[in-house]
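Please take the sequence and the structure together, and follow the paragraphs below from one pair of elements to the next.

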Amino acid sequence: MRILMATMGLDIGGAETHIVELSKQLQSQGHEIMIASNGGVYVPEIEAAGIRHFKVPMHRRNMGCMLQSYRMLRNIIRAEQPDVVHAHARIPAFLCGLLKKRLKFPFVTTAHWVFETGGGLRYLTNWGERTVAVSEDIKAYLMREYHIPEAHISVTINGIDTDKFSPAISGEPVLREFGLDPARPVVSYVSRMDEDRALVARQLIEIAPRLAERVPGVQMLIAGGGNVFEELRQQAEAVNRTMGRTCVVMTGPRTDINQIAAAGDVFVGVSRSALEAMSAGKPVIVAGNEGYQGLFTPEGLEEAQAGNFCCRGMELSTPDRLLADTEAALALSPEKKAACGAFGRQVIFDYYSVRRMAGDCLAMYEQVRRKKYRVVMSGYYGFGNAGDDAILEAIQQAIHQASDEVAVTVLSNDPELTRRVYHMDALPRFQLVPVLRALRRCDALLSGGGSLLQDRTSTRSLLYYLSVIRAAEWMGKPVMLYANGIGPVHKRENRRRVKRVVERAALVTLRDRSSAQELRDMGVGRTDLHVTADPVFHLDPAPAQRAAELLRQAGIPEGSTFCAVSVRPWEDTDGFPQKIAALCDHLRRKHGLEILFLLMQPGRDREISQKIRGCMKERSYLLDIPCIPRELMAVLGQARLCVAMRLHTLIFSARMAVPCVGLVYDPKVESYLNELSMPSAGHVERFSLEEAVACTDGLLADYEGCLERLREKSRALTQAAQENERLLLEILEKNPKRI
């Protein structure tokens, strides 16, 4: 992508360093980065990285400068045609917001700090289509003060270049430059020397004589420039004269912050500067204008992260606290200093890598950047059902892999949840005006996947999906029935309705052969019904370590062999819980399998699962922790056997090549068991414990044969699932015109 960063300037400061590191990382990943700012000491560094810089005077809230900047930005954007404009401060964001109305470019911002909102300043603020916040408390501020929807805010980190800020970097050149004694302890500090940022710098200068009495020969290296630098420099010189030696060195603005950090034995600072010193392996006293935490230790990690190492909400720094903690930090043994530094550096590796920061921004850019095609997805989404949510996530992943030029909007029962968990644009499925507006703007409607065209649930549910399809057709939009499972459709009029919709659709893909047969039984005559596979065969599981963590939380002894069990409530199941409990007891006694119950739709499955557990004589476990589909899939992948009533538990199991036994409550379950060549333990309404025991015993007796057959089927279905996206792209390319 071509990305234009707009900021006030590129002099010393945490936000400025953030922008420089982000831009360099994105440039190294192959994106073309341009920066518009008033310039500063970092311009040579970014230009050396191949990043173009445009000098635009956005550093002053002066009408003349702002008018000039508006014209210059307008010309830059028209000439460069960036895919995304990313503003990093109030004035650049305000100007870019004005220009967006005319030039229609994708526009995001980053909130590096909180702004004053009084005196009309609130109206000088524009947060773009999406906002990146550098901490959770800034996110809360944006929601509280500007009422930005939570789904439009992404929290990132101050990413640190761990090679640039490393224990391997020497501070010797800086010590030589300023005549500091390398044999004497050095306290280093970095910040802008502005009135609202220099509290701790003032306090360090103030405590220097007292600290020198307790730590003989101590030296202070204070870096940064700003509107109170000259005042502080004079204070430092007065202290040095009083002490009769150079104790406090004021360096002014510097770009070699890594060497400044390396030169110190202990670092004092906040935010990005503190993180950089941690990456350099230094003990860090976290202290700034907004609060004071003290020496950073493992016990303070959570508290520090909550405020992005800015100490917001903590007690203010005082000279006495700063003196006591600095003395204590300098007195640490070499081993304790090394341990403190090693912990800080590990925190950077774990939470604050510059690659993660770039990834967070790229994910935000993908949400707003212009794409060639727009599609709307209609399905049973946002109801907390792991099977349908897995379909949603799988379709998202598959479309993105097939083409990054397709933007997807989901009609969801819980749009906020869909945006937050799956990072997809979502609209309320029952709000008529937004749905019609999205259909009018889209290039195609995807109806599916899952079993949408059925009336077992209700005719009302069927009519909803048919109405969305009809609305798209009225607007001349192609409709794709996406990997649908058809039926059962019992009512004659409903069968006629489904037949009409299927015959008018631009494209029909079905997840199994029985769905194709059901349509033929309805009288559908079209010959281009594509039998593919359920989209979930596209979905990648969560990492194995996440599965291990979830199993530990469920209480299963480490290394246990277990059977995953998934049930759902169903009418006419008298005696069913007791029979399933007896089957689970049998599996544990005879085959040594621990029993783990999984909740595909927790609100509905929890009660029946607990009832079965209560009927068991053997012990069992329940994974009652909020999980996304990929996590449930990863857990299933660790099982030896799966016994499932829910269709998508069986599909998860097949995707992970874990032999499974089905409990049939619906023809779709029986159909997919046949598709997978896996056995059925019987229908829940006429369930036989003896037949179920014989079924599971038979599978386990021929385990390797079942496993090999399932692997072969899974490979074939995974390949078939890829046809859904290929066919989708075909109809989009045939219908490029957008209303």
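In this predicted model, a hairpin of two residues leads from strand 12 to strand 13. Strand 12 covers residues 284-288, and it runs antiparallel to strand 13, to which four bridges join it; within this pairing, isoleucine 285 has leucine 295 of strand 13 as its bridge partner. Strand 13, which comprises residues 291-295, is mostly covered, since four of its five residues are buried.

From the strands we can turn to the packing of two helices. Helix 15 packs against helix 24, residues 629-636, with the two axes 9 Å apart and at an angle of about 110°. Because angles of 65 to 115 degrees count as roughly perpendicular, helix 15 is described as roughly perpendicular to helix 24. The contact is made by Ala386, Asp389, Ala390 and Glu393 on the side of helix 15, which meet Pro629, Arg630 and Leu632 of helix 24; sorted by class, it holds four nonpolar and three charged residues, but no polar ones.

The nonpolar interior remains to be described. The largest nonpolar core has 104 residues, and those with the most contacts inside it are Phe537, Leu587, Leu596, Leu641, Val643 and Leu663. Helix 15, residues 386-402, gives the most to this core, contributing seven residues. A second core, separate from this one, has 57 residues, including Ile19, Leu221, Val284 and Met357. As for the surroundings of leucine 587, this residue touches Cys563, Gly592, Leu593, Ile595, Leu641, Val643, Thr696 and Leu700, when residues up to four places away in sequence are not counted.

Terms used:
Residues are numbered from 1 along each chain as its sequence is written. This is a predicted model: local features need pLDDT of at least 70, side-chain atom pairs count only at pLDDT 80 or more; totals for chains, interfaces and linings use all residues. Side-chain values use heavy atoms; hydrogens and water are left out. A nonpolar core is a set of buried Ala, Val, Leu, Ile, Met, Phe, Trp, Tyr and Cys residues joined through side-chain atoms within 4.5 Å. Buried means under 20% relative accessible area, exposed over 50%, partly exposed in between (1.4 Å probe, protein chains only). Contact means heavy atoms within 4.5 Å. Two strands pair if DSSP finds at least two bridges between them. Axes are lines fitted to C-alpha atoms, for helices over the stretch in contact, and angles run from 0 to 180 degrees between N-to-C directions. Angles under 35 degrees count as roughly parallel, over 145 as roughly antiparallel, 65 to 115 as roughly perpendicular and the rest as oblique. Ala, Val, Leu, Ile, Met, Phe, Trp, Tyr, Cys and Pro count as nonpolar, Asp, Glu, Lys and Arg as charged, and the others, Gly among them, as polar.
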